[in-house]
Protein chains: 2
Amino acid sequence: MIAVLRIGHRIGRDQRVTTHVALVARAFGADKIFVSTKDEKLEENIQSICKKFGGNFESSTGCEPKKILKQWAGNIVHLTMYGDDLEKSILRIDKNKDLLVVVGSEKVPAYVYESADFNISVGNQPHSEVSSLAIFLDRYTKGAWFLKKFNGKIQIIPSDKGKKVKLNNEKGK
Amino acid sequence: MIAVLRIGHRIGRDQRVTTHVALVARAFGADKIFVSTKDEKLEENIQSICKKFGGNFESSTGCEPKKILKQWAGNIVHLTMYGDDLEKSILRIDKNKDLLVVVGSEKVPAYVYESADFNISVGNQPHSEVSSLAIFLDRYTKGAWFLKKFNGKIQIIPSDKGKKVKLNNEKGK
């Protein structure tokens, strides 16, 4: 199981970026997202996309990050531009355990660095928690996210020109 | 040369996501970003980060997308979830030519699909223009972004615990 914990989410200011974080989590193979702040609108947005595009991605907002970090039985990876080299660190993670990936917003409290088994950087330049999560999950799953079947009501058919969409029935058949 | 064209940028609403797009462009090996709408605050933000973290990344806002697409002499790639398979398409791109990567916001006009030499999807699930650009540039550069030297005033030293920062002089030495 792979879960993502998004901390420091501010209603209004972070809604779009957190939605992007959640969609990356879903598309790149995670099973669930926890968001620190209660945000019903955010949950609705995420679930509305899941309903259309399929899969069993779960979302839960209003979580207590310290409690989640304390109770998590598997590995904890914190993505930060201050962290250790991605390619080196990823080899050290035991993939038989569940994984919690923590992504912050502006400022991340010190307890996150301390709770994490691995503080990992996706390059040491500033970019985005959205891109860091995507590249990390891409490397962690060895690209397997790409083959995941979602069986949604809406299915996009790859096409070099225009938009090809297949509409499936309720069960995505 | 690799440039990114961000279209449909709305001041206020898209400022953070477009900033993330620009930072991903810079960190993953692009040389320049064009943004459709004039936004001085956005340019200031991007240039302030470049000043601190180094490199020669350029940004230009208030560009006319149709004109840029028409005048671009190299390849044009449009990233869209409706596009053709990433891994397959990327092999068809001639890397000896300059590259323009177009990323949209909510709704992308039809002329973009038509102007592009390649409409490419980073998976056919909804996620984010930020993650699509990162994964695309990662594949296009075969991970070479990771080795790029920026020689900035601020240099982050990879570390498994805490934050290690090296401050260089004006020339980043």
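By what turn and what shift along the axis can chain B be laid on chain A? A turn of 180 degrees and a shift of 0.0 Å along the axis achieve this, with an RMSD of 0.0 Å. Superposition was by least squares on the C-alpha atoms of residues with pLDDT of at least 70 in both copies. The two copies are thus related as by a two-fold rotation axis. In chain B, the C-alpha of Ser131(B) is nearest the axis, 2.2 Å from it.

The model is predicted; local features need pLDDT of at least 70, side-chain atom pairs count only at pLDDT 80 or more, and totals for chains, interfaces and linings use all residues. Side-chain values use heavy atoms, without hydrogens and water. Chain A averages a pLDDT (the predictor's confidence in each residue, from 0 to 100) of 94. In chain A, 98% of the residues score at least 70. The complex has an ipTM of 0.96 and a pTM of 0.96.

The copies meet through the same surface, because 100% of the interface residues of chain B are also interface residues in chain A. Contact means heavy atoms within 4.5 Å.

The largest nonpolar core has 70 residues. Such a core is a set of buried Ala, Val, Leu, Ile, Met, Phe, Trp, Tyr and Cys residues joined through side-chain atoms within 4.5 Å. Buried means under 20% relative accessible area (1.4 Å probe, protein chains only), exposed over 50%, and partly exposed in between. Phe136(A) and Phe136(B) have the most contacts inside this core. Not counting residues up to four places away in sequence, Phe136(B) touches nine residues named here: Val77(B), Leu79(B), Leu86(B), Ile90(B), Ile93(B), Leu99(B), Val101(B), Ile120(B) and Val122(B).

Note on methods:
Residues numbered from 1 in each chain as written. Chains lettered and ligands numbered in written order.
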